[in-house]
Amino acid sequence: MAVTQDNVIPLHDRIVVRADEEEKVSQGGILIAPVAKEKSVLGTVLAIGTGKHMDNGQFREIKVAVGDRVLFGKHAGEPIKLHDDQVIIMREDEVLAILRD
């Protein structure tokens with residue numbers, strides 16, 4: 001079963017992201033060893049929480065949407081294996097940018 005917005009519902013201001021596959025061969029055709037690869041920082045949002053209750057009592061809705069392509073930091077979130085999918089659960093504020101086509 002694949003992770004979707006219907007079967008995984010993150011809480012509060014958390015989102016579920018599937019990171020892009022990492023390149024195994026460089027542009028020049030050189031095979032990249034697993035220890036030399038950098039963690040992917042691009043991914044697709046699979047599910048979103050409801051939002052965050054702020055300290056001042058206000059409620060802030062999540063700005064990213066399911067299907068958005070996002071840029072995030074190398075150490076953002078927590079990698080989790082769900083339903084045979086490797087995903088990252090992170091807080092919305094760990095997203096650095098939403099990428100538009």
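**View 1. Six strands form an open antiparallel sheet in this predicted model**. The strand order is β6-β7-β1-β2-β5-β8, where strands are DSSP E runs of at least two residues, numbered from the N terminus, and two strands pair if DSSP finds at least two bridges between them. At the edges stand β6 (78-82) and β8 (95-99), each of which pairs on one side only. On average, neighbouring strands of the sheet are turned by 45 degrees against each other, direction ignored (axes are lines fitted to C-alpha atoms). The model is predicted, so local features need pLDDT of at least 70 and side-chain atom pairs count only at pLDDT 80 or more, while totals for chains, interfaces and linings use all residues. Residues are numbered from 1 along each chain as its sequence is written, and side-chain values use heavy atoms, with hydrogens and water left out.

**View 2. Strand β5 pairs with the edge strand β8**. Four bridges join β5 (residues 69-72) to β8 in the antiparallel sense. V70 has I98 of β8 as its bridge partner.

**View 3. β7 pairs with both β1 and β6**. Four bridges link β7 to β1, with V17 opposite I88. Five bridges link β7 to β6, and here E78 stands opposite I89. The β6-β7 hairpin has two residues between its strands, and H83 takes a positive phi near 50 degrees.

**View 4. The largest nonpolar core has 11 residues**. A nonpolar core is a set of buried Ala, Val, Leu, Ile, Met, Phe, Trp, Tyr and Cys residues joined through side-chain atoms within 4.5 Å; buried means under 20% relative accessible area with a 1.4 Å probe, protein chains only. Its members include V17, V70, F72 and I88. β1 (14-19), β5 and β7 (85-91) each supply at least two residues of this core. Another core, of five residues, lies apart from it and includes V8, L46, A47 and V87.

Methods. Axes fitted to C-alpha atoms, helices over the stretch in contact; angles between N-to-C directions. Buried < 20%, exposed > 50% of the residue type's maximum accessible area, 1.4 Å probe, protein only.
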